[in-house]
Amino acid sequence: MSEQNVLNEITEPTSLSELETMRHSCAHVMAHAISRLWPEAKFGIGPTVEDGFYYDVDLPVKLVPEDLKKIEKEMNRIIGSGQEFVRREHTIEEALGKFKAMNQPFKVEIIETLRDQFGATSVSTYSEGEFTDLCRGPHVERASKIKAFKLMSLAGAYWRGSEKNPMLQRIYGTAFSTQEALDEHLNLLEEAKRRDHRKLGKELDLFAFHPEAPASPFFHPKGTIVYNRLVQYVRDMYAYYGYDEVITPQIFDTVLWKTSGHYENYKDDMFFVAKGKDADAQDREFAVKPMNCPASTYIFSAHKRSYRDLPLRLADFGRLHRNELSGVTAGLTRVRTFCQDDAHVYCTMDQIESEIGKIMDMVVKSYTLFDFKVDELELFLSTRPEKRIGSDEVWDRAEGALKNILDNLGRPYGLDEGGGAFYGPKIDIKVKDALRRKWQLATVQLDFNLPERFDCSYVGSDNIAHRPVVIHKAVLGSLERFLGVFIEHCAGAFPFWLAPVQCRLIPITEAHIPFCEEMGKRLKELGIRFEMDSRNEKMGLKTREAQMAKIPLMLVAGDREMSEGAFAVRNYGAKDSQTLKIDEILAQMKEWNDKPRAPFRD
RNA sequence: GCUGAUGUAGCUCAGGGGUAGAGUACUCCCUUGGUAAGGGAGAGGUCGUGGGUUCAAAUCCCAUCAUCAGCUCCA
């Protein structure tokens with residue numbers, strides 16, 4: 001949480017839901033319990049978060065997981081005693097005196113900040129019995145209203161989110177209005193562990209990591225099939241929407257990055273490579289690309305462009321490298337090498353709205369295909385960050401244009417103040433997965449700076465040179481990240497069209513192998529990815545292994561099937577199978593396999 | 001990068017100052033079996049890496065690398 005957010009947490013008028021109110025009170029009860037167990041405890045802040053609450057505390061002891069039980073016990077005592085939450089108003093001076101006397105330096109600091117930066121003249125406190133905390137509320141009337149809670153985990157967190165400050169111990173907890181709701185939440189967390197894409201990636205042999213290439217995935221054959229299938233899907237989409245794919249270099253003279261502004265903004269996160277070999281290139285410094293956009297301007301400017309060429313949509317699956325801090329990488333969701341379904345649309349001011357409309361269309365069609373709930377998409381307008389290039393007028397125009405589009409879209413959207421890219425504002429789109437977790441995938445960015453910096457122009461119908469606008473788009477976002485998120489969304493059970501192995505043929509005995517091999521030929525003709533399990537093993541084992549590999553279809557053949565020209569078909573996850581004629585099976589497979597192309601036929 | 005935890009066989013993990021363990025996967029043999037584990041035998045590890053302490057280190061200490069959780073960051 002940024003410092004600004006921390007302060008908002010303290011100063012802004014609150015409108016917490018009933019559940020949030022209870023969680024917030026629960027955080028207070030936790031602080032109360034901690035102060036009983038460790039009277040020297042110094043408290044930071046204790047807000048509610050997405051799934052619960054936390055409190056940051058400075059303690060003389062290092063907490064261990066068993067301490068959570070101890071704190072819970074003490075909390076239960078407090079809740080059992082049914083203490084009331086009593087609100088009091090204090091002048092700043094009163095409050096400062098009070099918290100100084102209580103030896104609560106962080107609270108004193110908060111009060112001073114409220115006074116000095118926000119001009120507060122009074123603050124409020126809440127007391128439950130002997131424990132008093134600085135807080136604007138609201139709270140439940142009494143502690144006994146807290147129904148079902150659990151302390152979840154321990155973590156370190158810097159005071160006010162700055163690594164220059166001391167690190168406090170953060171205790172995370174959650175609370176629900178019923179025990180059932182709490183249990184359901186805990187079950188979701190368990191399920192999330194089972195679906196962890198890092199675990200499934202290993203189990204399904206999709207990808208792996210190696211210490212010599214930290215945070216950089218090795219895609220094994222099966223993972224590569226899925227990856228390439230995603231790319232193919234995006235290419236099919238490009239054919240429909242009129243995008244041209246290009247391939248651009250991997251390494252550039254840093255002059256390019258100085259022109260684009262990446263050098264000054266992201267130098268520390270770029271990989272630099274050896275200097276040039278030629279005498280006259282000795283002083284040239286080269287860097288691996290962290291982004292595709294500057295390269296696309298050279299393709300735009302390769303010709304004298306006319307307004308008739310616009311919109312020019314250049315797609316680039318270029319591999320990007322970013323030297324991320326070691327602590328921020330995680331599985332496929334944050335890596336040092338990745339590629340995006342990246343494209344840059346060069347267009348006129350008048351074309352911005354229809355182009356972004358088309359991109360939104362791609363987003364909706366894609367997320368529908370991947371079985372994300374489209375009516376649960378969350379849109380955000382991310383505006384100018386502190387670290388940025390370009391004049392305020394340019395930013396005003398770009399933000400205004402995106403705001404217009406969002407207003408006309410007729411969907412609610414949030415504002416992410418300061419969340420834009422350094423070269424332009426964006427529309428970020430978050431999806432909810434099957435476990436109701438939110439992920440940011442798609443992004444649409446409006447850029448008036450790049451064409452300026454690289455002096456892109458086109459000739460208008462007035463025969464005068466004009467500056468085009470660039471729209472950056474990614475629908476799936478980073479393919480690595482998308483794959484990670486989607487693996488967890490589908491629990492590793494890929495839809496038929498995307499599965500690395502779509503079908504496993506299982507002859508019951510040796511005698512049925514030729515029959516299965518015949519079917520194999522038909523599948524190959526159809527382009528179906530299949531395997532045959534002709535091992536000398538029993539059906540129980542073969543079934544188990546096919547199910548554990550999450551293969552969408554099992555086709556089993558024994559004497560019965562051979563005599564009927566059929567297979568016993570079992571879908572992944574189904575309890576039993578049904579016997580279908582070979583032609584029926586092939587027709588069904590063809591339909592499923594073509595599913596991703598269906599939305600792009602007129 | 002910061003704080004903390006973890007690192008033992010391909011995988012999942014146990015153990016622990018005195019010659020390295022299980023399950024599973026793998027190889028071979030037996031089994032011709034109808035929808036979630038048939039039986040047997042065998043092979044497989046400098047206990048992440050580098051130092052130190054010790055008669056002796058996989059075990060203790062230090063450093064380092066990687067991973068995980070959280071913080072900060074995410075063009």
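In this predicted model, Lys 550 of chain A counts as buried, since its relative accessibility is 18% and the cut-off for being buried is under 20%. Lys 550 sits in the loop that links helix H17 (539-548) to strand E28 (553-557). The backbone does something a bit unusual-looking on paper here: phi of Lys 550 is near 55°, a positive value in a residue other than glycine.

Arg 436 makes a handy partner for this story. Phi of Arg 436 is near 65°, again a positive value in a residue other than glycine, and Arg 436 is also found in a loop, this one between strand E21 (426-432) and strand E22 (438-447). The surroundings are another matter: Arg 436 has a relative accessible area of 45%, so it is partly exposed, whereas Lys 550 is buried.

One more backbone detail turns up at a proline. The peptide bond running from Leu 310 to Pro 311 is cis, and its omega is near -5°. Pro 311 belongs to the loop between strand E15 (305-306) and strand E16 (312-316).

Now for the wider view. Chain A has 602 residues, and 51% of them count as buried. Its secondary structure comes to 19 helices and 30 strands. Taken along the principal axes, the C-alpha atoms fill a box of roughly 85 × 75 × 55 Å. The domain assignment splits the chain into domain 1 (3-186), domain 2 (202-363 + 444-489) and domain 3 (503-600), so domain 2 is written as two stretches of sequence under that automatic or database assignment. Between the C-alpha centres of domain 1 and domain 3 there are 58 Å. As for how the chain folds back on itself, take the contacts with a separation of 6 or more: 71% of these come from residues 24 or more positions apart.

Two helix pairs show how such packing can look. Helix H16 (residues 513-526) and helix H19 (residues 582-593) have axes 11 Å apart and pack at an angle of about 30°. Angles under 35 degrees count as roughly parallel, and H16 and H19 are therefore roughly parallel to each other. Their crossing is right-handed. On the H16 side, the contact is made by Phe 515, Met 519, Arg 522, Leu 523 and Leu 526, and on the H19 side by Ile 582, Asp 583, Ile 585, Leu 586, Met 589 and Lys 590. Sorted by class, this contact has 8 nonpolar, no polar and 3 charged residues.

The other pair is helix H12 (residues 352-369) with helix H13 (residues 392-409), packed at an angle of about 55° with their axes 10 Å apart. That angle makes H12 and H13 oblique to each other, and H12 passes H13 in a right-handed crossing. From H12, the residues involved are Ile 352, Glu 353, Ile 356 and Met 360, and they meet Leu 402, Ile 405, Asn 408 and Leu 409 of H13. By class, the contact of H12 with H13 comes out at 6 nonpolar, 1 polar and 1 charged residues.

Three buried residues are worth a stop along the way. Leu 256, in helix H9 (residues 254-260), counts as buried because its relative accessibility is 4%. Leaving out residues up to four places away in sequence, Leu 256 touches Pro 294, Tyr 298 and Phe 454. Pro 294 is 38 residues away from Leu 256 along the chain, yet their C-alpha atoms are separated by 7.2 Å.

Pro 290 is in the loop between strand E14 (286-288) and helix H11 (293-300), and with 6% relative accessibility Pro 290 counts as buried. With neighbours within four places in sequence set aside, Pro 290 is in contact with Trp 257, Met 270, Leu 320, His 321 and Arg 322. Pro 290 and Arg 336 are 46 residues apart in sequence and 9.5 Å apart in space, C-alpha to C-alpha.

Last comes Glu 488, a charged residue by class that lies in helix H15 (residues 479-489). Glu 488 has a relative accessible area of 6% and is therefore buried. Apart from neighbours within four places in sequence, Glu 488 is in contact with Arg 195, Asp 196, His 197, Arg 437 and Trp 439.

Terms used:
Residues are numbered from 1 along each chain as its sequence is written. Chains are lettered from A and ligands numbered from 1 in the order in which they are written. This is a predicted model: local features need pLDDT of at least 70, side-chain atom pairs count only at pLDDT 80 or more; totals for chains, interfaces and linings use all residues. Side-chain values use heavy atoms; hydrogens and water are left out. Axes are lines fitted to C-alpha atoms, for helices over the stretch in contact, and angles run from 0 to 180 degrees between N-to-C directions. Helices (H or I, at least four residues) and strands (E, at least two) are DSSP runs, numbered from the N terminus. Angles under 35 degrees count as roughly parallel, over 145 as roughly antiparallel, 65 to 115 as roughly perpendicular and the rest as oblique. A crossing is left-handed if the near helix is turned anticlockwise from the far one by less than a right angle, and right-handed if clockwise. Contact means heavy atoms within 4.5 Å. Buried means under 20% relative accessible area, exposed over 50%, partly exposed in between (1.4 Å probe, protein chains only).
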